[in-house]
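Grab a pencil and work through these exercises with the model open beside you. Try each task before you read its solution.

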Amino acid sequence: MSEPLILGIESSCDETGVGIVRGTQILANEVASSVEEHARFGGVVPEIASRAHLESFGPTLERAVQTAGIDLSEIDAVAVTAGPGLTGALVVGLSAAKTLAYALNKPLYGVNHLIAHVGVDILDHGPLPKPCAALLVSGGHTSILHVEDIARRVTEIGSTIDDAAGEAYDKVARLLGLGYPGGPIIDRLAGEGDPRAVRFPRGLTATHDMEKHRFNFSFSGLKTSVARWVEIRRRDGEEIVLEDVAASFQEAVADVLSAKTVDACEFMGVDTLVLGGGVAANSRVRSWLESRCGEAGITLRRPTPGLCTDNGVMIAVLGSQLVSAGVQPSPLDISPDSSMPISQVSM
Ligand code: KG4
Ligand code: ZN
């Protein structure tokens with residue numbers, strides 16, 4: 001059988017993504033972002049995001065179909081983000097996907113956005129070994145996963161007990177007055193700063209924390225620590241070198257993410273680690289993991305930075321994995337699940 005032709009639809013947050021893949025080959029990857037409409041609020045406004053999806057979906061789909069040079073009647077299945085995410089935003093993509101599946105008489109796959117972040121690397125580096133480990137670092141989630149089979153069985157080994165890594169980037173950027181989303185801005189600034197300028201705390205790495213939280217993360221203490229450091233210097237009228245603060249903050253995040261993840265890989269006895277989520281685009285997270293995985297003899301798989309943030313091809317390629325694995329499609333009456341558990345690959 002030839003590789004399945006899959007249409008993927010993403011609308012969980014502020015990106016309207018439509019992707020088309022044949023098996024693991026990208027034919028189209030169109031993304032319309034409403035990020036600029038949210039910037040002045042310092043975070044995503046759900047109502048604005050939903051409206052933006054509604055306006056962008058049609059044109060984005062048209063561009064994707066044109067770029068791929070296909071007719072919609074040729075597709076084998078429609079894959080769509082069913083959760084987690086903003087309910088109103090998910091509803092727009094899911095409604096569109098159901099309509100297309102019904103009108104074209106094709107199966108529908110409601111998939112987990114987080115698992116799709118992990119699976120996107122298949123587009124760059126081929127099928128995932130079974131089992132492997134994954135580090136998922138996005139705006140809303142930070143988890144270490146044991147991936148037995150990306151189409152059926154994913155287990156969480158550890159996660160953040162407070163803020164997600166991306167959330168910490170966005171909050172720190174906000175308190176430094178740097179704009180939204182904070183991750184790419186801090187990443188850029190950090191490249192010109194000294195990561196040893198300030199020693200910010202590494203959450204849940206003290207001996208007593210390691211007993212209960214060996215594979216868990218905490219970033220809210222780090223954020224508070226940056227806020228207090230800046231507040232004291234502002235009060236005393238001291239100069240703040242933003243590049244140094246950004247680099248020192250980023251060092252603390254990347255150090256703890258990489259150390260705990262490599263420890264978890266060794267604990268699980270897996271020899272491959274795959275990265276996923278917006279923060280997987282971060283230069284220091286990537287370089288710390290590269291050296292620590294190298295030392296531990298673990299193969300590190302890093303998706304192209306451009307595929308790390310939300311898009312439609314990550315949904316399409318997970319759909320293609322489900323079709324190839326013979327997983328049952330979703331009923332047409334599924335509802336979005338804003339807090340879809342990470343252990344549920346599809347509905
Ligand atoms: O995965 P994603 O696109 O959306 C969610 O599912 O949450 O991740 C968005 C998050 C934001 O918090 C953003 O600041 C962060 O990813 N991010 C980065 C970088 N690029 C995006 N964080 C650090 N460094 C980056 N280069
Ligand atoms: Zn995402």
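**Exercise 1. Work out how helix α9 and helix α10 are arranged relative to each other, and what sort of residues sit between them.**

*Solution.* Start with the geometry of this predicted model. Helix α9 covers residues 220-235 and helix α10 covers residues 242-268; they pack at an angle of about 160°, and their axes are 11 Å apart. Now compare the angle with the cut-off: over 145 degrees counts as roughly antiparallel. So α9 and α10 are roughly antiparallel to each other. The handedness comes next: the crossing of α9 and α10 is right-handed.

Then look at who touches whom. From α9 you'll find L222, V226, W229 and V230, and they meet V245, F249, A252 and V253 of α10. Sort those residues by class, and the contact of α9 with α10 has eight nonpolar, no polar and no charged residues.

**Exercise 2. Do the same for helix α7 and α10: find their orientation and the classes of the residues in contact.**

*Solution.* Helix α7 spans residues 182-190, and its axis comes within 8 Å of the axis of α10, with a crossing of roughly 110°. The range to check is 65 to 115 degrees, which counts as roughly perpendicular. That makes α7 and α10 roughly perpendicular to each other.

On the α7 side, the contact residues are I186, D187, L189 and A190; on the α10 side they are L242, E243, A246, A247, F249 and Q250. By class, this contact of α7 with α10 holds seven nonpolar, one polar and two charged residues. Did you spot F249? F249 meets residues of α7 here, and F249 also turned up in the contact with α9.

**Exercise 3. Find N105, decide whether N105 is buried or exposed, and say how far N105 is from L128 in sequence and in space.**

*Solution.* First, place the residue: N105 is in the loop between α3 (87-104) and β5 (108-112). Next, its accessibility: the relative accessible area of N105 is 68%, and the cut-off for exposed is over 50%, so N105 is exposed. Last, the distances: N105 and L128 are 23 residues apart in sequence, and their C-alpha atoms are 30 Å apart in space.

**Exercise 4. How many salt bridges does the structure hold, and which parts do the pairs E30 with R63 and D263 with R214 tie together?**

*Solution.* The count is 16 salt bridges. Take E30 and R63: their side chains meet in a salt bridge at 3.0 Å, N to O. E30 belongs to strand β3 (residues 25-33) and R63 to helix α2 (residues 46-68), so this pair ties together parts that are 33 residues apart in sequence. E30 counts as buried at 17% relative accessibility, while R63 is partly exposed at 35%.

On to D263 and R214, whose closest N and O atoms are 2.9 Å apart in a salt bridge. D263 is in helix α10 and R214 is in the loop between α8 (207-213) and α9, so here the parts tied together are 49 residues apart in sequence. R214 is partly exposed, with a relative accessible area of 32%.

**Exercise 5. Describe the salt bridge of R235 and D236, then name the residues that shared partners join into one network.**

*Solution.* The side chains of R235 and D236 meet at 3.0 Å, N to O. R235 is exposed, with a relative accessible area of 63%, whereas D236 is partly exposed at 42%. As for the network, salt bridges with shared partners join D163, E167, K171 and K223.

Note on methods
Residues are numbered from 1 along each chain as its sequence is written. Chains are lettered from A and ligands numbered from 1 in the order in which they are written. This is a predicted model: local features need pLDDT of at least 70, side-chain atom pairs count only at pLDDT 80 or more; totals for chains, interfaces and linings use all residues. Side-chain values use heavy atoms; hydrogens and water are left out. Axes are lines fitted to C-alpha atoms, for helices over the stretch in contact, and angles run from 0 to 180 degrees between N-to-C directions. Helices (H or I, at least four residues) and strands (E, at least two) are DSSP runs, numbered from the N terminus. Angles under 35 degrees count as roughly parallel, over 145 as roughly antiparallel, 65 to 115 as roughly perpendicular and the rest as oblique. A crossing is left-handed if the near helix is turned anticlockwise from the far one by less than a right angle, and right-handed if clockwise. Contact means heavy atoms within 4.5 Å. Ala, Val, Leu, Ile, Met, Phe, Trp, Tyr, Cys and Pro count as nonpolar, Asp, Glu, Lys and Arg as charged, and the others, Gly among them, as polar. Buried means under 20% relative accessible area, exposed over 50%, partly exposed in between (1.4 Å probe, protein chains only). A salt bridge is a side-chain nitrogen of Lys or Arg within 4 Å of a carboxyl oxygen of Asp or Glu.
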